[in-house]
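Please explain how this structure is put together, beginning inside one chain and ending with the way its copies are arranged.

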2 protein chains.
Amino acid sequence: MEKLELFPLKNTRLDDPFWNKYTHLVTKQIIPYQWEALNDRVSGAEPSHCISNFEVAADLKKGTFEGAVFQDTDVAKWLEAVAYSLSYEPDSALEENADEVIDLIGKAQQPDGYINTYFTILAPEHRWKNLREGHELYTAGHLLEAAVAYYKITGKDKFLNIMRKFADLICEVFHTKEYERAVPGHQEIEIGLIKLSEVTGDRKYMDMAKDFIDRRGTEPNYLVTEHMNPLWIDIFKDRNPFLPEYSQCHKPVRKQDTAEGHSVRATYMYCAMADLAAAYDDKELFAACERLWNNIVEKRMYITGGIGSSGAYERFTTDYDLPNDSGYCETCASIGLALFSRRMAQITRNGKYIDTMERALYNTVLAGIAMDGKSFFYVNPLEVWPGNCLDHTSMEHVKPVRQKWFGVACCPPNIARTLASLGEYVYFQKDGNLWINMFVSGQTSLSFEDGTMTIVQDTRFPFEGKVNLHITADRSSSSSIALHIPGYARNYKITVDSKDIQPEIEDGYAYFEGCFSDTEITVTFDMPAHFTYANPNVRADAGKVAIEKGPLVYCLEEIDNGRRLANIYIDTNAPLQEQYDDHLLGGTCTILAKGRRTSEGSGNDQSLYSGKPPSFEDTDLMFIPYCYWNNRTPGEMSVWVKY
Amino acid sequence: MEKLELFPLKNTRLDDPFWNKYTHLVTKQIIPYQWEALNDRVSGAEPSHCISNFEVAADLKKGTFEGAVFQDTDVAKWLEAVAYSLSYEPDSALEENADEVIDLIGKAQQPDGYINTYFTILAPEHRWKNLREGHELYTAGHLLEAAVAYYKITGKDKFLNIMRKFADLICEVFHTKEYERAVPGHQEIEIGLIKLSEVTGDRKYMDMAKDFIDRRGTEPNYLVTEHMNPLWIDIFKDRNPFLPEYSQCHKPVRKQDTAEGHSVRATYMYCAMADLAAAYDDKELFAACERLWNNIVEKRMYITGGIGSSGAYERFTTDYDLPNDSGYCETCASIGLALFSRRMAQITRNGKYIDTMERALYNTVLAGIAMDGKSFFYVNPLEVWPGNCLDHTSMEHVKPVRQKWFGVACCPPNIARTLASLGEYVYFQKDGNLWINMFVSGQTSLSFEDGTMTIVQDTRFPFEGKVNLHITADRSSSSSIALHIPGYARNYKITVDSKDIQPEIEDGYAYFEGCFSDTEITVTFDMPAHFTYANPNVRADAGKVAIEKGPLVYCLEEIDNGRRLANIYIDTNAPLQEQYDDHLLGGTCTILAKGRRTSEGSGNDQSLYSGKPPSFEDTDLMFIPYCYWNNRTPGEMSVWVKY
């Protein structure tokens with residue numbers, strides 16, 4: 001198993017009409033806003049205390065720790081997003097800022113390498129004593145990811161060295177007798193260690209990650225018994241018992257067949273499993289990845305790429321249980337699913353993983369952020385009736401409008417780093433060969449010993465099924481270019497330098513060989529709006545259809561279609577009409593349909609139950625992309641519609 | 001406002017083929033079982049500690065308090081059920097048992113009259129200091145109800161005197177300066193005090209109840225600020241803030257328009273409000289009762305008479321929010337709704353309240369208990385897919401099978417006392433006149449100064465729309481008999497001594513005048529099985545129908561109809577066929593219907609989403625009464641079915 005490599009972001013300039021709407025928000029809006037938030041300067045918002053915590057831990061000021069136990073990760077995710085953003089929009093003031101934060105992290109590092117402001121300030125003697133809730137390894141993992149990104153893009157190694165020292169400590173501690181069975185409560189350190197190993201070439205970090213994965217869920221189960229240690233401290237004061245499934249330690253990782261528990265923890269673990277399977281050519285571990293990915297995609301994933309059907313415990317539930325109104329679908333979990341799917345594609349070169357990666361990115365991840373970059377959905381429902389999204393009820397996790405940045409915010413910075421690193425999703429490379437996964441306009445180049453290859457991609461995807469690729473290279477070696485053919489593409493036509501060709505297609509990629517000194521590849525395909533039906537085992541979607549066009553899932557909003565969307569029946573025999581509207585939502589393709597709905601009058605009588613069936617009337621329907629919902633007047637929304 | 005009176009239970013012998021199935025469980029199964037439970041002698045069940053707590057509080061043995069803060073109410077509800085059961089099945093051993101428990105309660109009473117084993121044993125200095133959570137007044141209310149019932153049926157006044165002494169203390173304490181604004185966190189004391197006032201004729205108890213109601217929700221809001229008292233103790237260790245709506249103290253009671261918060265607390269409060277409105281001829285308070293009742297019945301009640309749409313906080317949510325799978329519908333809340341509706345009927349003589357009372361009793365309350373009396377639903381969903389009723393998810397409050405008696409069990413003893421006091425629902429009386437609310441076979445008699453009237457009711461209701469009433473009286477005065485005409489009855493025909501008559505009908509009651517020395521009244525009516533549609537504002541029921549016959553709501557069960565009930569579409573143009581089955585569920589009318597369903601094969605392919613619509617096939621459907629569900633093989637169940 002040889003993993004395809006990610007593209008160096010610093011050589012990739014995406015400039016795409018669809019994605020620019022969002023990627024520009026990262027530099028213009030999210031990074032500056034979060035910087036203010038980290039420094040507690042956002043009026044009206046709960047203070048984050050992040051920078052202050054590091055200053056206290058570094059003895060630069062007096063005070064105490066404030067915020068959540070994993071508060072440091074906000075700094076880590078900010079630095080990671082900054083690193084990526086510097087690759088496409090250099091900003092010396094921002095970089096200086098980041099360097100100062102890195103200096104501060106260095107000052108807060110303990111002599112033995114340990115970094116964690118909560119434990120350093122509040123409970124130094126309880127280090128590593130509550131791995132279930134303490135989030136020390138989770139926080140370390142995010143700091144490691146940030147350090148690797150910062151090194152790869154800026155070339156500066158200070159942060160990397162700081163974190164390497166911490167990673168050395170982790171490798172030492174977690175091989176002592178006391179911790180030889182210990183695993184993190186919230187997976188993430190594994191990804192960080194793997195990235196560190198890849199960038200430094202030091203295998204011991206990879207080995208540590210593998211040990212964490214291999215120990216997990218084996219008996220005696222460390223996380224289950226950990227609290228018997230007299231130095232254990234109760235951090236969350238949670239009255240609920242610890243649930244092994246919640247942290248995916250209910251059975252050995254290699255024996256797991258179904259996606260269980262907290263969906264973010266799960267997908268982060270699956271990412272590490274995939275990386276490790278490739279690094280160690282571990283077929284058993286890879287088979288577990290395939291089973292888990294299949295279980296998600298075939299039985300536990302919303303059409304939007306959302307995962308996690310239960311608000312309580314933010315978790316997977318059971319096959320085909322996909323309630324549209326009360327599900328969780330955390331933005332971070334869909335990011336995790338995209339990251340896991342990307343790794344599976346890197347290993348297998350199979351385009352089906354890209355289809356799912358796109359499903360998560362184009363729908364749930366984008367829905368997670370408002371088009372002004374100022375508010376965020378943590379939970380991404382597929383059906384909303386604002387009237388019943390009430391605090392202190394079973395629906396309180398579902399918000400009818402996006403929320404401002406919280407004091408502790410996982411999803412917003414996670415969206416930021418995902419958007420800022422979009423180039424890593426668009427292309428893969430290996431040994432001078434190129435894989436094009438997504439249709440995103442922009443220019444990227446790769447340097448080889450014998451020269452350079454430059455690819456200019458030009459497309460109005462996802463609203464048009466046409467992509468122009470202009471590839472130039474000044475090298476003598478031949479290479480292959482693989483172009484992903486999405487599962488939804490129909491009547492695929494490819495021309496190379498204006499000549500129709502029928503390239504070899506393998507696992508969803510079309511392969512081209514050549515020197516590409518100056519080559520135009522044009523791809524056209526149909527991706528008409530169409531109805532999609534759920535498997536009849538999905539009770540929540542019985543009798544309903546969704547509309548998709550390309551990678552985009554569509555939805556009805558009250559502002560376009562009136563209230564009581566549950567009483568609308570779409571006519572699946574009438575054609576769907578696509579209509580591009582330049583002025584709507586920054587320019588979008590809408591889809592018009594015909595249907596019937598209960599007459600407004602028929603609900604006006606006072607009785608709750610009666611023998612009189614409701615009366616119906618014809619209605620025109622307008623669907624917009626799900627990712628754009630709730631950017632106008634708040635109201636009802638529904639992806640699945642009765643037919 | 002003059003309230004009709006309940007019938008003396010000791011003169012009422014119900015003997016009805018439909019109800020006997022359940023009422024016999026009370027004496028044969030529930031009361032003996034609970035006695036064992038109270039004494040911690042049920043193997044495999046969590047111990048209740050109830051009797052033991054009283055023994056410790058009475059200094060009869062060493063030990064401490066165990067169980068929930070409101071553990072004493074289990075003893076109270078058991079005594080109340082025993083009292084009612086003695087009225088129709090005298091049992092001297094049981095009565096002796098009850099007398100011993102009453103002696104024990106007396107011994108546990110403190111010198112000043114106080115009774116509560118939790119506070120007496122664990123926290124005497126914190127008496128009355130946490131009314132939000134302490135449940136002292138709630139517990140006192142249940143003990144008062146039991147004492148009044150025991151006195152009325154056995155004529156013994158020991159328990160009544162014990163409780164009167166406690167009530168005197170309550171009246172004193174809650175008129176001191178410190179407590180002059182105090183109200184109970186969980187309403188119930190009001191009902192107890194009102195009953196005590198009615199049986200003793202002492203108005204001060206009624207006044208105390210009225211004060212509790214009038215103080216509630218006024219500023220400064222006692223329950224909201226109570227915890228500032230240094231003697232306040234945190235009993236539930238709940239991390240959630242106190243929610244005034246939860247305890248119906250969000251605004252003055254007279255200003256409340258919508259049913260809010262915990263549905264059991266709410267209905268118990270509404271019962272007291274109705275009683276007080278009648279007792280004080282308080283039209284403003286009564287208007288609030290009407291508004292709240294209307295809000296429930298017109299906007300917040302399931303077709304089964306279930307109330308409380310949210311599992312979290314077991315509470316009302318908002319108008320028309322009635323999710324079928326995730327709602328709460330606690331059995332106790334429907335008992336509360338029946339009690340409230342009964343009081344509204346007593347005050348108004350309007351049969352519409354009886355219709356709702358019946359809806360709650362015949363459906364949710366009966367569904368709450370298994371036909372063997374051994375297990376209970378606390379939550380009564382209208383749609384169940386056992387696969388997703390998982391612990392540690394948002395659905396964990398919904399159980400796919402009835403549960404055994406818990407250590408702390410509110411619903412089972414509440415069902416027991418309700419069934420044992422059924423006679424109080426069937427008849428009302430006033431000044432020698434009689435109101436017949438429900439069709440239940442049996443014999444009852446009323447004594448007057450000038451003689452006695454006996455009524456023999458003979459019916460196979462609710463499976464047949466025919467009732468024979470044989471009334472004999474040896475008195476000279478004329479009286480009126482009012483017979484409830486249910487809202488669902490069609491083609492009502494009445495004969496008096498075989499002569500067709502057209503009696504005066506007023507507010508759902510047919511009125512007859514006469515001496516009734518020997519009179520046969522026969523009533524026949526049609527109550528065909530029919531489709532019922534929900535108001536189109538109820539999103540959860542859009543596109544669905546339910547089937548009702550008389551007071552019974554019907555449902556589909558998997559055992560009769562296969563799995564995937566969500567994929568069934570009923571043909572509302574095909575006739576419904578009623579079929580009585582002697583052998584099914586102890587004898588029941590089933591309803592046969594025609595419909596279509598997705599073919600089983602169409603869900604077998606691996607893909608979760610596809611462009612292929614499911615295929616359909618014709619299917620026969622069989623509905624059973626909702627109250628009988630889950631008495632055979634557990635499986636899916638649904639009340640509302642697509643059409």
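The domain bounds used here come from an automatic or database domain assignment, and they are applied to a model that is predicted. On that basis chain A is divided into domain 1 (49-243), domain 2 (252-425), domain 3 (431-526) and domain 4 (531-642).

Consider the pair formed by domain 2 of chain A and domain 4 of chain A, whose centres, taken over C-alpha atoms, are separated by 25 Å. Their contact draws 22 residues from domain 2 of chain A and 23 residues from domain 4 of chain A. On the side of domain 2 of chain A that touches domain 4 of chain A, at least two residues each are supplied by α15 (351-367) and by β3 (383-384) of chain A, and it is α15(A) that provides the largest share of this side, with six residues. Sorted by class, the side of domain 2 of chain A that touches domain 4 of chain A comprises 15 nonpolar, three polar and four charged residues.

We now turn from the single chain to the two copies. A turn of 180°, with a shift of 0.0 Å along the axis, lays chain A on chain B with an RMSD of 0.0 Å, and the two copies are therefore related as by a two-fold rotation axis. Within chain A, the C-alpha nearest the axis belongs to A:S394 and lies 3.6 Å from it. The same surface serves both copies, since 100% of the contact residues of chain A recur in chain B.

Notes:
Residues numbered from 1 in each chain as written. Chains lettered and ligands numbered in written order. Predicted model: local features only at pLDDT ≥ 70, side-chain atom pairs only at ≥ 80, totals over all residues. Least-squares fit on C-alpha atoms with pLDDT ≥ 70 in both. Contact = placed C-beta atoms within 7 Å. Helix = DSSP H or I, 4+ residues; strand = E, 2+ residues; numbered from the N terminus. Nonpolar A, V, L, I, M, F, W, Y, C, P; charged D, E, K, R; others polar.
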